[in-house]
Amino acid sequence: MSKETSTKNPVTLIIHGANTIGEKLTELLSTQKSQIVLVDTFTKAKDQLLRNMKEKYNIFSYDISGLESISKKYKRIDYIFLLNNDEFEQKEALSSKEFLSETNIADVAFKLGVRHSSKILLASTIELHRLITEQKDTWADKLSEVSAKNAYTPAELQRYCENLAAEYHDQSGLNVRIARLGEIIGKKISTEKETIFVQMVKEAITKPRITIKGEGLDYSYYVHLLDAVYGLIKAMFSSKTNGEVFTISYPEEISVLNLAYRILELNPKATEIVFTEAEEETMQKGVYIPAQNLTKLGWKPKIPFEKALHETIEYFYEQYKIKWDDKPTAERKPIKDKPKVLPHRSEKLTATGKALLAVSGPLKGFFGAISETFSEFFSKFKHISLKPKNLIKYGIYGTIFLILYIFIINPIFQIVGGSTLTYYYGQKGYNEAKSLETEKAARSLEKANYFASVSTSGWEGLFWLKYIKGVDEEYNDMLLISSSIEHLTKSGQYLVQGLDPYATYFKEFEPVASFDGSAGQGSREYLNELKDMESNLHYIDSASFEISLAKESLTNVNPDDYPEEISKYIKMLKDQTGETSDIIGTFSSFAAYIPEILGKDGRQTYVILLKNPMELRSTGGWISCFAIVGIEHGQVRELEVKDVYEADGKLDEKIAPPEMMQDALDINQWNLSLSNWSADYPESAETAEYFLKLEDQIVSADGIISIDLEYARQLIDIWGELKVDSEDEKVTKDNLYDKIIEIHRNFTPGSTEKPVFLSNLANALLVKTLKSPSSKWPAIAQTTVTALNEKHVQIYMFNSEIDKLLSEQGWNGQLEHDTNQVYLVEWNNGGNKANYFIDRTIDYKMIIIDENEVQQKVTVNYTNRSTENRYPEGEYENFVRLYIPIDADITKTDGVSSLKIYNDEARNFKIVTGWVNVPINSAKQFSVSYALTSDSQDFPLTVEPGGKIKYTLNLKKQSGTMNDEITVQVAYPEQWNPFDYPNMHREINSLVEDSELKTDKKVEIIWEL
């Protein structure tokens, strides 16, 4: 690794992370594209765990001794998890050296947090905190006893680390929170721990009895591994947790005797409980009140204690290689016979006395509550005669009502009421967010999240449904759906909080008054808003994480298991969650760079090329004009629009075009108007910048943005009409093309009407966009995203990290190799606007011979609706390039003159080139047939798990083309059975799809052999 590592993804440091919690944290955070850095003291057992983790996840690991050097290796550390809960539990006492080592680790971690402005979470334990708070007097004596042989105890270490965190928070502004965990239970916990829980489970599966030392009245708090990890993530990524202390555990404490009974109910080897005298007198315990539970943040245990206990016992059986003979089939199954409770060796209490003592508290509370309820109930009916017969009668009625209320009426009321109000406040928040009222939206979505949790509580109240055969799966699905809606509303809440500075920027933005190329001095800067965008990034990260949890919850819900009326809503929820997750994920990736793009650190210069697709070129249309936009501190400081001829007129030197271009078009002079020859937009963009520099238009550019007239039409539709200088009639979506065609029809050599109109149009579009009210920005944003997907807008940024993100979205027009890709590129060389009159359809016919050979044929049909050979109409002089796999064996070509074939070794393409000219009022067709075999590096057939076979075809759309009609037909061997073929209809031994090529398109088909 280099001395300093830079990454666009969040960097998460997990200290003491080579354990089950660290492993699960790594799994969840890796799915969010976080770079994981794991630090620990690596023992032999931890080394094995680390190797397993590295096989699954992209992580970096360092020994704990190198913690201080981490800061030199990473430019940024976004999150730090200090997992001290395991470290504190491992030993009864610590030497001075061990104590100093652990406190130094905590100190270094907190310093890293301050240096990198990281969010940090200290994980400690409820048990040790309880030990300190409950037994202060005895605790002091205990410390003095320990100090004779050892300097410190784990509880004192925990107390020191928590106090240190508080001091860093108060003195240095450290963004820290403390999460105290109950004892971790579930799979993969250590079977070697000396805790009462572990010892009791081990005894229960290996011996006929469970031994309880003392009275069995001591208690502990527990939490399942997965709930603990989700709680840690919730505490880290939730807002307003800075400086807070939380507990993460099941809400109720569980006594040793209660735990023993619960274990026996799961039918392990043990069948009885034996009380023995404690080795030493039990210390007097006070009342322990733990810190606020994480339920404040919407977290709650998802795995019931009984299920967690069952899972732990099953795991211990597996680890000790013992067969569980009487394993329950349900999550909890009552034991066949009541467990025996054998007498204490001390006769201070009888077995019955112990049992009564253990349950007296809960029973007293229970019957007290029942008594109070019935007292209130009967007080309203004093006139009723309380004869024994009536008392029994009304007692039965009351009991039935109570049962119905607790287990049916109240849960249903919570579900219906919670769901209704969730929808109401969710819609309200969505509409407020669309209007950029982010503060109101955050409050509405917070309410939506609350009522979503109420609905979930209702479903949890109907827990008895999971024990009814035939209903259990549907019940679990409803829980998953309800949980996903909780995550969705929480995601929305975080998102609008993250978007608040963007909303402020757009609502308050006013561009400079003059667009004449002046510096715009004196105009307002938006530096504070840009800084707020950076500081609010964690909200957007949290929104991305929450919606990923929603998506995960819905993964196992199959809509096809439900009637159509219900199924369509589940499908809609899954689709919308997936789409929203993609949108938030995309925005989350770009959010960190938006302040830079808007000139937070200095002037950013962008060139916008306006292209006319009526005269089609490789990466769009003819470059008619360009704009130079300078942005600094969020303000537009420069905006100047120029005609392409004006710039080309300043080119003094002769620049030779690329060899293929020179050979095909028979030209020897290259300039800005012809710069988009390459089918790779980044290459064309860099060429455009090269000519703009030669023509003294710019010093350098930070980005080259291409827009075409179709994007202009969609923008104009948002406003309804657009006033363009030099035009009496306002321009609309419906008359834009007509105006341009009319100008071209009236064009005469030397006329300036055409370039003036297009330059004025570009200027009017930019000014109107910049001066649009905030209410129009959501529509502008949506229109722009659609145009990017349909390649009416393409962006190339000279910042490689930003451009990589654009490439991942398919927005920078990069010509990248993909499996079995087909890409048709046209160049109108007729000096006319014939593309406006051209209709194009493309047929892709694929014949799968067997698992080792596929024959493919691409046929393009043109119809030229031009009626005269007079500008702007005329013959379509079309130079075509068809990009196909480099290993393709071309068997036949038709309709292409001056045929030449090139191999692009750098990009792994074979390029079929030539001329396909289409005269006026006529049709023309050309086709290319080729074969691919299993020896090809681009072979489209792959074997899937389960013996299935998949075919892949990638169709690439040329920028500037308009929704060409396409037909994809895939014929296959008779014995193959199609398994998955979305959007296609089945014919005899073939699958067919008729659609439009609006965006790049991937076709995937799976067969069962």
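This is a dialogue on reading a helix contact, two cavities and an open sheet in a predicted model.

Colleague: How are helix 1 and helix 2 oriented to each other, and which residues meet where they pack?

Modeller: Helix 1, residues 20-31, packs against helix 2, residues 44-56, at an angle of about 5°, and their axes lie 11 Å apart. Angles under 35 degrees count as roughly parallel, and helix 1 and helix 2 are therefore roughly parallel to each other. On the side of helix 1 the residues are Gly22, Glu23 and Thr26, which meet Leu49, Met53 and Lys56 in helix 2. Sorted by class, this contact of helix 1 with helix 2 has 2 nonpolar, 2 polar and 2 charged residues.

Colleague: How many cavities of 30 Å³ or more does the structure hold, and how much space lies in the largest cavity?

Modeller: The general idea is that rolling a probe the size of a water molecule over the atoms shows where empty space is left. Here the structure holds 2 cavities of 30 Å³ or more, and the largest cavity has about 80 Å³ of space. This largest cavity is lined by 13 residues, of which Leu824, Ile842, Lys956, Gln958 and Leu997 are the closest to its centre. Strand 20 (821-828) and strand 21 (838-850) are the elements that give two or more residues to the lining, and strand 20 gives the most, with 4 residues. By class, the lining of the largest cavity has 6 nonpolar, 2 polar and 5 charged residues.

Colleague: Which residues line the second largest cavity, and what is their make-up by class?

Modeller: The second largest cavity has about 40 Å³ of space, and its lining includes Ser618, Thr619, Ala679, Tyr681, Lys791 and Gln794, together with Tyr823 and Lys956. By class, that lining has 3 nonpolar, 5 polar and 3 charged residues. Lys956 is thus a residue to look for in both linings.

Colleague: What is the strand order of the open sheet, and which strands are at its edges?

Modeller: Strands of a sheet pair through backbone hydrogen bonds, either parallel or antiparallel. In this case the open sheet has 7 strands in the order 24-27-22-21-30-33-32, and the pairing is mixed. Its edge strands are strand 24 (889-894) and strand 32 (985-987), each of which pairs on one side only. From one strand to the next the twist averages 15°.

Colleague: How many bridges join strand 21 to strand 30, and do these strands run parallel or antiparallel?

Modeller: Strand 21 and strand 30, residues 964-971, run parallel and are joined by 7 bridges. Within strand 30, glutamine 969 stands opposite lysine 845.

Conventions:
Residues are numbered from 1 along each chain as its sequence is written. This is a predicted model: local features need pLDDT of at least 70, side-chain atom pairs count only at pLDDT 80 or more; totals for chains, interfaces and linings use all residues. Side-chain values use heavy atoms; hydrogens and water are left out. Axes are lines fitted to C-alpha atoms, for helices over the stretch in contact, and angles run from 0 to 180 degrees between N-to-C directions. Angles under 35 degrees count as roughly parallel, over 145 as roughly antiparallel, 65 to 115 as roughly perpendicular and the rest as oblique. Contact means heavy atoms within 4.5 Å. Ala, Val, Leu, Ile, Met, Phe, Trp, Tyr, Cys and Pro count as nonpolar, Asp, Glu, Lys and Arg as charged, and the others, Gly among them, as polar. On a 1 Å grid over the protein atoms alone, a cavity is a set of points where a 1.4 Å probe fits but cannot get out, and a pocket is an open set with protein on both sides within 12 Å along at least five of seven lines; lining residues have an atom within 4 Å of a point. Grid points are joined across faces, edges and corners, and a volume is the space filled by probe spheres set on the points. Two strands pair if DSSP finds at least two bridges between them.
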